[in-house]
Amino acid sequence: MARRGTTLGQTERMLILAKTYPTPSRGHVETTCVAAVSAGGELRRVFPVPFRLLPDDQQFSKWQWITASFRPPTDDQRPESRRIDVDSLTLGERVVKGRNADWAERMRWIEPHILPSFAALEGRRQATGETLGFLRPSRLLGLDITLLPAAERDWDEEEREKLTRDLEQGDLFTDPGEAGRRRRAMLEKLPFHVHYRYEIDTPNGPEQNRHLVTDWEAGTLYRNCVRSHRENWQEPFRAKLEEWMAGRDLVFMMGTQHRFPNQWLVISLIYPPRPIAERPGSITQASLDL
């Protein structure tokens with residue numbers, strides 16, 4: 001029986017809101033968790049998306065509209081989840097970054113899904129099974145960077161063999177012998193975990209939480225900081241995610257994992273500018289979009 005709002009092979013238009021850092025899949029390719037909002041305003045989780053292995057003309061960006069054929073999965077009971085037919089994927093227009101009017105258009109799709117507290121987010125999951133939503137921190141309390149043990153900072157033998165095989169065989173959607181197919185580098189494993197500690201002012205008083213960040217942008221920021229600062233990468237990394245983000249009207253997109261439906265992650269950072277009267281004078285207004 002098809003789930004509410006979709007039928008087998010239904011074409012749907014969605015605005016991309018999140019791409020998490022890729023990981024080796026238990027299946028046959030590396031995958032990226034993708035979250036979006038449908039043209040009808042419903043949150044969606046899209047999989048499987050071997051994003052780095054897609055042809056160049058199918059590699060979508062955050063804040064870009066896509067159209068594709070989707071169907072309900074048989075192995076994932078989360079109500080927002082949709083299985084994509086990647087061959088049907090077409091890219092649409094982008095909600096361009098950098099201007100307040102564009103942020104207003106972006107936030108129009110997000111504001112209806114912001115919950116007043118993490119307790120409300122988790123309570124809704126327990127009541128309805130919904131596993132995507134948004135939280136607006138009142139304050140950032142800190143950024144915890146935990147380096148992995150040296151032995152765990154690279155893929156294990158099984159993961160490396162699988163990732164190498166994927167690259168050598170080509171992706172699932174492009175002829176490996178096709179002239180001009182872009183070669184993908186081996187996926188780099190991030191050598192750390194990063195958590196936000198934050199507080200939300202709720203009707204019942206301040207609520208403090210700590211959640212792992214898996215947003216692709218954080219991984220891109222790390223690589224850029226390593227290129228520019230080498231072993232001193234943590235200073236600019238923290239400056240962006242702690243100091244700069246504290247000057248934005250920050251919103252977390254939250255999601256859960258299939259195997260651990262009660263473990264919430266920050267899967268995307270949404271960071272429109274604060275109203276002018278609220279902006280700290282010491283914060284530079286550069287963009288994190290990388």
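**Exercise 1.** In which sense do strand E11 (residues 192-202) and strand E12 (residues 205-212) pair, and over how many bridges?

*Solution.* In this predicted model, begin with the pairing itself: E11 and E12 run in the antiparallel sense, and 8 bridges link them. Next, take a single position, where tyrosine 196 is found opposite histidine 211 of E12. Finally, follow the chain from E11 into E12, which shows that a hairpin of 2 residues makes the connection.

**Exercise 2.** Determine which strands pair with E6 (residues 64-71), and explain why E6 is largely enclosed by the rest of the structure.

*Solution.* On one pairing, strand E1 (residues 10-19) joins E6 in the antiparallel sense over 6 bridges, and within this pairing arginine 13 has threonine 67 of E6 as its bridge partner. On another, E6 is joined to strand E7 (residues 81-94) by 6 bridges, again in the antiparallel sense, with serine 69 bridged to aspartate 85 in E7. The last step concerns burial, for which the cut-off is under 20% relative accessible area: because 6 of the 8 residues of E6 are buried, the strand is largely enclosed by the rest of the structure.

**Exercise 3.** Describe the protein chain as a whole, from its elements to its contacts and surface.

*Solution.* Counting elements first, the chain holds 5 helices and 14 strands. Turning to burial, 50% of its 290 residues count as buried. Among contacts between residues at least 6 apart in sequence, 70% join residues at least 24 apart. The exposed surface amounts to about 14,400 Å², of which carbon and sulfur atoms supply 50%.

Definitions and conventions:
Residues numbered from 1 in each chain as written. Predicted model: local features only at pLDDT ≥ 70, side-chain atom pairs only at ≥ 80, totals over all residues. Heavy atoms only, no water. Buried < 20%, exposed > 50% of the residue type's maximum accessible area, 1.4 Å probe, protein only. Helix = DSSP H or I, 4+ residues; strand = E, 2+ residues; numbered from the N terminus. Pairing = 2+ DSSP bridges. Contact = heavy atoms within 4.5 Å. Areas by Shrake-Rupley, 256 points an atom, 1.4 Å probe, with all protein chains shown as cover.
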